[in-house]
Amino acid sequence: MATTTVRPRTVIPLAPRTHKAPALRHLGPNWYASVMGTAIVASAGATLPYQVPGQRVACQIVWALSAVALTVLLTARAGHWLHHRDQARAHLLDPAVAPFYGCLAMALLAVGGGTLIVGKDLIGEPAAVAVDVALFTAGTAIGLLMAVVVPYLMVVRHKVEAAQATPVWLLPLVAPMVSAALGPLLIPHLPAGQPREALLLACYAMFGISLLATLLMLPLVFGRLIMSGPLPLLLTPTLFLVLGPLGQSTTAVNQLADMAPQAIGDPYAGALGAFAVVYGVPVMGFALLWLALAAAMLVRAARNGMGFAMTWWALTFPVGTCVTGAAGLARHTGLTAFAWLAAALFLALLTAWLLAAAHTLRGLFSGRLLPKTR
């Protein structure tokens, strides 16, 4: 009987599976804060009560930078979802990261508003209106969606405790307020009558959504500070996020009051003008109180060795909303003190933006912020 020789099979080891675009794996939704912080510099600078030669041109350059940054980031985030879906889903299920999805909506809205405020100088008003309509519509839809989805996930999927509360939890709730503040820019471009009134009242509805939701969440944040002590050093800049709903709501009521006569008749138009001052002044006062507290905590963290992190961008957009809020109060009250306040806050905003932008660029070029690892 013949025998056959069985040769051992050669096993060829498979190469380890690697991810495409590994640097994108670490690109979270928090990066949209850099777009927001850049766009608000352009918008706030263009609407300041005081203007110096070259200021408008500088604002145009910054707006163009924010538009380019938004385009690049949207493309990169699309690549993140395409190549790293597991990480993208993990972000949604992470209570520390999921709230940053509100930044996507606010980045779209901020660049869209900036397009109509200063971008029209470069691309023309018809194109600026078209761009703002598209970005406002998308930003508002995403903002309203995230205002529901993120709190829902926090209730049914995220495992959070009171000691974990941070101002980051406010991010998805502030997005509708940004829509309320920037929506009035489109009112003059709508047909007179019901379209204008509908947008005006829709902005007031979103004002209410964001304000009441913030009033529910803010006590948790402040209670955590009182009961558990200061935030970790790298999270300390997020204390400035509380300024977002305060400054943005003040901006919103003033912007809406400006457009009310074109959208709704008396007695409502006059009442809304009065409401802008009656609401805005006390809220701006509280914003200054929180600003002083947050600044003191920031100094403490810096002395204790706080390094750079993307949380530094929290020092930009929220402060910018206070700039536009103070500028709005200066228009409606005629008080020079509010104009000075807007100018002083803008200088603080510009300083914070320069620092955050410089450190972000350094981190990108060095590979520290987006390491090319699996």
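What follows is a walk through the pockets, surface patch, salt bridges and a few single residues of this structure. The model is a predicted one, so everything below describes computed geometry.

The open space comes up first. The largest pocket holds about 680 Å³. Its lining runs to 35 residues, and those closest to the pocket centre are Asn30, Ala96, Val97, Phe100 and Thr311. As for helices, at least two lining residues each come from α1 (32-46), α3 (85-92) and α10 (317-333). Helix α1 is the top contributor to this lining, giving three residues. In terms of chemistry, the lining of the largest pocket splits into 22 nonpolar, 10 polar and three charged residues.

Enclosed space is another matter. The count of cavities of 30 Å³ or more is one, and the largest cavity takes up about 60 Å³. Its walls are built from Met36, Met106, Leu170, Leu171, Val174, Leu241, Gly244, Pro245, Phe317 and Pro318. Helices α6 (171-182), α8 (243-263) and α10 are the elements that put two or more residues into that lining. The breakdown by class is nine nonpolar residues, one polar and no charged. Gly counts as polar under the classes used, and Gly244 is among the cavity-lining residues. Helix α10 thus turns up in both settings: it supplies at least two residues to the lining of the largest pocket and two or more to that of the largest cavity.

On the outside, Phe222, Ile226, Met227 and Leu293 make up a nonpolar surface patch of about 430 Å². Helix α7 (residues 194-228) gives the most to this patch, with three residues. Leucine 293, also in the patch, sits in helix α9 (residues 268-303). The relative accessible area of leucine 293 is 36%, so this residue is classed as partly exposed. That value also clears the patch cut-off, because patch residues need over 30% relative accessible area.

Charge pairing is a short story, with two salt bridges in the count. One of them joins aspartate 121 to arginine 56, with 2.7 Å between the closest N and O atoms. This pair ties together distant parts of the chain: aspartate 121 belongs to helix α4 (residues 101-123) and arginine 56 to helix α2 (residues 55-83), 65 residues apart. Aspartate 121 has 36% relative accessibility and so counts as partly exposed. Arginine 56 is partly exposed as well, at 29%.

The other salt bridge pairs aspartate 258 with arginine 331, and here the closest N and O atoms are 2.6 Å apart. Again distant parts of the chain are linked, since aspartate 258 lies in helix α8 and arginine 331 in helix α10, 73 residues apart. With a relative accessible area of 29%, aspartate 258 falls in the partly exposed class. Arginine 331 also counts as partly exposed, at 43% relative accessibility. Helices α8 and α10, linked by this bridge, also both feature in the lining of the largest cavity.

A few single residues round out the picture. Glutamine 248 is part of helix α8. Its relative accessibility is 4%, so glutamine 248 counts as buried. Glutamine 248 and alanine 181 are 67 residues apart along the chain, yet their C-alpha atoms are separated by 6.6 Å. Beyond helix α8, in the loop between α8 and α9, comes proline 267. The peptide bond leading into proline 267 from aspartate 266 is cis, and its omega is near 5 degrees.

Proline 172 is another residue placed within a helix, in this case α6. At a relative accessible area of 1%, proline 172 is buried, because the class covers values under 20%. The C-alpha atom of proline 172 is separated by 31 Å from that of arginine 303, which lies 131 residues away along the chain. Finally, alanine 352 is found in helix α11 (residues 336-366). Alanine 352 is also classed as buried, with 11% relative accessibility. Measuring C-alpha to C-alpha in the model puts alanine 352 and leucine 93 31 Å apart in space, with their positions 259 residues apart in sequence.

Note on methods. Residues are numbered from 1 along each chain as its sequence is written. This is a predicted model: local features need pLDDT of at least 70, side-chain atom pairs count only at pLDDT 80 or more; totals for chains, interfaces and linings use all residues. Side-chain values use heavy atoms; hydrogens and water are left out. On a 1 Å grid over the protein atoms alone, a cavity is a set of points where a 1.4 Å probe fits but cannot get out, and a pocket is an open set with protein on both sides within 12 Å along at least five of seven lines; lining residues have an atom within 4 Å of a point. Grid points are joined across faces, edges and corners, and a volume is the space filled by probe spheres set on the points. Helices (H or I, at least four residues) and strands (E, at least two) are DSSP runs, numbered from the N terminus. Patches are made of residues with over 30% relative accessible area and no salt bridge: like charges are joined within 9 Å, nonpolar side chains (Val, Leu, Ile, Met, Phe, Trp, Tyr) within 5 Å. Accessible areas come from the Shrake-Rupley method with a 1.4 Å probe; for residues, only the protein chains shown count as cover. A salt bridge is a side-chain nitrogen of Lys or Arg within 4 Å of a carboxyl oxygen of Asp or Glu. Buried means under 20% relative accessible area, exposed over 50%, partly exposed in between (1.4 Å probe, protein chains only).
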